[in-house]
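Here are a few short exercises to work through with the structure open beside you. Try each task before reading its solution.

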Amino acid sequence: MTEMDVVAIEKSLLNGHWDNSFPHTPSVDVAQAVVRGRFGEALTSSYAQQLFQFRLADTLKNSFNISASLMQDEPQNELLRLALAVACLHAFLQVNWTGPDLDFQPLDILLQTESHNLSNEALNELAISELALGGEPAYHLAQHAIFLRLAQILLDAPNHHCQTAIWWRLRAHLVHQQVIDEPVILSDNDMTTFEHWQSPFALDSPDLNGRLLLEHGLLHHIFQQDKIAAEYFVKAARATDLQYELTGALGKRTKFQQTELSQLVLLAESHLPDVSPEKTEVLSTNEPDQAVVPETLALNDDTLLEKTEFTSSRPLADPSSSSLYRIDPSNQPPLHPLDQCILLSLCLNVRNTSPLHGLTSEQMSPYVARVISHPRNWTIHTMALLLRSRLEANRTRTVERSTLQLQALVDQMPATDVEAAPVSERLRYLHSISLPPKWELERELANRFISLGVIRSALDIYERLEMWEEVVKCHVSLDRPDRGITIVKDLLAGNKVESEAVISREKASGAVDFMKRLQRFDSVREAKLWCILGDIEPEHAVEHYKRAWEISKNTSGRAMRSLGGFYFARAEYGLARECLQKSVKIEPLLSKSWFILGCACMRLEDWQGAKEAFARCVTIDEEDGESWSNLASMYLRIEESNKDGDSAGTTVVTHNNNQLAFRALKEGLRRSYDNWRMWSNYMIIAVDLGELAEACRALGRVVEETSNKAGGVVLDEDVLDRLVIAVTRAPSDPQEAVASSNSDQVQYSLNPNEGHGLLPRVLDLFDRIILPRVSSTRVFRAYARLLTWMGRWEDTMKAWMDAYRESDAGKLTRGELDTVAAVGDDMGRRVWRDAVGEVEEIVDILRNVGARLASISTKKWRLQAKSVVRSFMARTRENFEDDSEWKRLEELLDGLK
């Protein structure tokens, strides 16, 4: 067999399409059986029997002789091992993901060299135990888990000729992550291997190139690294030359709608060739593929249409800006199945980057509708219906179909009718979508029942799935927490045994010592039960969590996470930090653990530790605005010794830390735009850094956000004065300002932080935001100074008069401070004397400003000034006429005659 033949067969294993021109050799025959979905035939072949000679050892890996040479030809030997690994992996996926049930059992493929009285259930239990990863247990009711473990063992063997073994290891990792309770980050070595592996099909096969990029994105999606995942999804679309555009077209969404409105629609077109001969005719027409797919339930609503009816044959976009303008929104061509997978993945990314945004579901719906409109593959259509079910779950008119559709998807999984959809078709694109396993689908259905208040039905599902944590929560919801405690204690004591049907079969098999392992939990699952018991018995929580930590041999991140949270809630921050540090080492992807750890470090004034914790939070979840805010606070809190040694013992916050805090808050505000406290912090840091344009924007946001709050408007008048000073310290004449700046006019006018560059922002801040909401002397004074600098004298006079009316002198004149003298003689006189100074000030201002107004005669401003003085004297004469400062008012009035 030539090297080209090996590469071609590897390609067939990857894309699920078989070429009958391959030469007939043992390895080719096994590979063909695998591609056709005949896994039993491949795994029971004589060559497979040589690999699967079983001799019980301490681990499953040591129980098989995987390195046995099956053929003299080493390329065929590696190809045969790879094909058997794929057969094991796909057999596991068939029985746990797509159905139908397998027509063979694990013991059928094993050649036992010794008598162990081994059973299928015992093998499954061993595999489940070994599949636990990073303290996270594998789902204990996963069927035939030995196949996944065998696939991992075979793929870990060294390969020198089969280049795609690394790709299959990536696929095995993706499956493994969905079997354990919580995702566990891969080692740096594995991630580097996957990221830098060069596909041998990158140049000649856009289909496989797109698949590889898509699966990389799905791996990052599992780890909640949505930004990286989105980049891979876009790369996959480019690799397959998928063209898509979210745009609008005129249409109707309700049965009684009379007016056509713009509706969101996804225009998409594939350019991949369909290698399946039976599908070629389908792609050449606009008729939907007639492949057997899951039932798509009708909406049957009295108002909403089944789908949007587009009344225009052209989208609303400009024809010159879109290459898809020619596509009729209501009659789009079918998409290649891989392109459908990419669209669904892009849809997942939209949901994860903005999960709380109201427009998200509206953006996702066109993606899902585009895939559902042309069913091409059983598995892809299942995923599209699942996504639509999730989208419709929160809408009153669609929640019924959402639940019934999810129930239908769950019911189809155990189907044994192979002709309904061949196994090969079901598995062909399974690695390219994020379809959950059967138990997760059922869990999602139970969660849907809980959201609808149908607790009993959800409880039945959880009990059947033996998801004890959810069972306990249901009993708590039903006001029966004691029942939940009893269940967990019975499980730990052995009075209630998991998988009773399995146990009964084991007793019937006559198994002896080896079978006793089935009567016990593996350490990881037992540790989880102790954690659940700690959650529902807070009076003994510490004891239960520590017990879980001991049983897991210091691998249960859940135990330390729960114990750390327990200590934090009780203000034992030192112990909380210690526990949470252990937890995040085991489970570094849980942002909540990092956040609580950061808060604990803050309480202990461990600023560096808190900074590192919050930095990890925003790395995991960039949408966490609160973590961004806390990270900025930590940058400001970190104190570094003054390297210049100006004075011993003094510490300063470096300018670099201020810059980092500024950037962190800027990121946080993109996610928490309505948080006025974050805007306030951002404003202060911006002033310190000289970013006055940003400080101006932040000050406006603080005023806007607090204007409707009970405590009243929050306005930092010091910052407002700083902004006015920054504008007015520059020459008011633009030409003079350019000359004094030693730069050309263009450069000067673009400076947003001073003079004429800052002026429009500050004026808008006053006119649109502050003055309609705030009336205070200091605000009007600042506004008046700005208007004086601009030479707007009429507005300046008005602003100064507004400032006077809000001053103590103005309030005394209006009688609002009539009782000030009663507060105490000294205090009352002190206030009055200050008010006298304010009267003198406004008279001087009226004299100076009035002299600059050609439209106002001298007589007019004098009359206004006399009116101010006389009104003040008339209101305060009774209490303060005997004061020595009264003469100042009389002299002031005489000077105006």
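**Exercise 1.** Is glutamate 466 buried or exposed?

*Solution.* Keep in mind that this is a predicted model.
- Step 1: find the residue. Glutamate 466 sits in the loop between α21 (455-465) and α22 (468-477).
- Step 2: read its relative accessible area, which is 11%.
- Step 3: apply the cut-off. Buried means under 20%, so glutamate 466 is buried.
- Step 4: look at the backbone. Glutamate 466 is not a glycine, yet its phi is positive, at about 55°.

**Exercise 2.** Find aspartate 241 and work out how to class its accessibility.

*Solution.*
- Step 1: go to the loop between α13 (226-239) and β3 (243-254), where aspartate 241 lies.
- Step 2: check phi. For aspartate 241 the angle is positive, about 60°, although this residue is not a glycine.
- Step 3: take the relative accessible area of aspartate 241, 39%. Partly exposed covers the range between 20% and 50%, so aspartate 241 is partly exposed.

**Exercise 3.** Which two residues does a cis peptide bond join?

*Solution.*
- Step 1: look in the loop between α6 (74-98) and α7 (106-109), which holds proline 100.
- Step 2: inspect omega. The cis bond joins glycine 99 and proline 100, with omega at about -5°.

**Exercise 4.** Judge how far to trust the coordinates, starting from the mean pLDDT of the protein.

*Solution.*
- Step 1: begin with the whole protein. The mean pLDDT is 85, and 87% of the residues reach 70 or more.
- Step 2: turn to residues 641-650, where pLDDT is below 50 and the stretch has 2 contacts beyond near neighbours in sequence.
- Step 3: do likewise for residues 745-749. Here pLDDT is also below 50, with 10 contacts beyond near neighbours in sequence.
- Step 4: draw the lesson. Where pLDDT is low, predicted coordinates should not be read in detail.

Notes. Residues numbered from 1 in each chain as written. Predicted model: local features only at pLDDT ≥ 70, side-chain atom pairs only at ≥ 80, totals over all residues. Heavy atoms only, no water. pLDDT = per-residue confidence, 0-100. Contact = heavy atoms within 4.5 Å. Helix = DSSP H or I, 4+ residues; strand = E, 2+ residues; numbered from the N terminus. Buried < 20%, exposed > 50% of the residue type's maximum accessible area, 1.4 Å probe, protein only.
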